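Work through the following exercises with the sequence and the three-dimensional model open side by side. Each task is followed by a solution that proceeds step by step.

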Amino acid sequence: MNILYFAPIRLFPLGHGNIATVHQYIRRLKKLGHKIHYVFLNENNSTSDEDIFCAQDYVDTLDVIEDKAEICRNSSGYFEFDTQYFSGLGETIKALCEIYDIQIMICTYVFHSKILEYVPKEILKIIDTHDKMSDRHLLLKKNNIKDEFFSCTQEDEAKYLNRADIIWARRDQEKDFFNEITNSNKCLTVSHFDEPNFLPVTSGEFRLIGFLASDNNINFQIVKEFVYVFIRKYTECPIDIRLVIGGNVERLIKRDRKFYHYVLLFQ
């Protein structure tokens, strides 16, 4: 089948969880014999020409659309409904469906689901949610995490989701929530399915724990909490284990001078 895969997620370089997830799905779909027509929404024109060029060989076709949305947020912290849609986007998606003879449409993130209203009815419409967006900014605030992403009301999330024939959730809890607010059973749990790739067992002076994370504030908060607990446990009961933190989260660690110096004390 011909699948139109719409996402504001670059394919290269790797380094973030959402990119890794898209790679997983594309590999699995291509392995099943489907053709992937990737439509990349280039937010803020932040992806280089070189990275876009590299992405061409990873999918059957690649179309790049400049993001022209003028995003609005209300005084309560919620994003206005369909604020990330801009004029002409739906017509472009409809035209690409016709050019590539599309049978399945995958829309990444609920807040882009307005494009599904332009997709012909005979095409199966899927929303890949990635995450629950209802009251997201309130949850972040409660956990002292900087708000840096989309957040909407539960009512708006239901309206976004109801544009799809099938909804993909990452976790069963989210699946149950999406089915409840849409009053349906069209949400399925589609989790990560990378094949295991274990490193060979080696002996050494230390046993190592690796913590790999990209540079967003949720990951940074998780790393901080883990490190505080790890160091407290290690101080109370010394163990022959070394913790290694990798990934771009290092940028945020070094930016937080107090936490960074705290970590250096226990190296």
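**Exercise 1: the cysteines**

Cysteine 107 has a relative accessibility of 0% and therefore counts as buried, where buried means under 20% relative accessible area, exposed over 50% and partly exposed in between, with a 1.4 Å probe and protein chains only. This is a predicted model, in which local features need pLDDT of at least 70 and side-chain atom pairs count only at pLDDT 80 or more, while totals for chains, interfaces and linings use all residues. Residues are numbered from 1 along each chain as its sequence is written, and side-chain values use heavy atoms, with hydrogens and water left out.

Task: determine why the sulfur of cysteine 107 is not bonded to that of cysteine 97.

Solution. A disulfide is a pair of cysteine sulfur atoms within 2.5 Å. The closest cysteine sulfur to that of cysteine 107 belongs to cysteine 97 and is 11 Å away, so it is too far for a bond. Turning to cysteine 152, its closest cysteine sulfur is that of cysteine 107, at 13 Å, which is again too far for a bond; cysteine 152 is itself buried, at 0% relative accessibility. The count by this rule comes to 0 disulfides.

**Exercise 2: histidine 137**

Task: establish whether histidine 137 is buried or exposed, and which residues it touches.

Solution. Begin with its place, which is in helix H4, residues 136-142; helices (H or I, at least four residues) and strands (E, at least two) are DSSP runs numbered from the N terminus. With a relative accessibility of 9%, histidine 137 counts as buried. Leaving aside residues up to four places away in sequence, histidine 137 touches Arg73, Ser76, Gly77, Tyr78, Asp147 and Ser151, a contact being heavy atoms within 4.5 Å. Finally, a polar atom of the histidine 137 side chain lies 2.9 Å from the backbone oxygen of serine 76.

**Exercise 3: glycine 210**

Task: locate glycine 210 among the strands and state how far it is in space from isoleucine 104.

Solution. Glycine 210 is found in strand S8, residues 207-212. Its relative accessible area is 66%, so glycine 210 is exposed. Between glycine 210 and isoleucine 104 the separation is 106 residues in sequence and 38 Å in space, taken from C-alpha to C-alpha.

Technical notes:
Polar contact = N/O pair within 3.5 Å; in protein donor to acceptor, adjacent residues only side chain to side chain.
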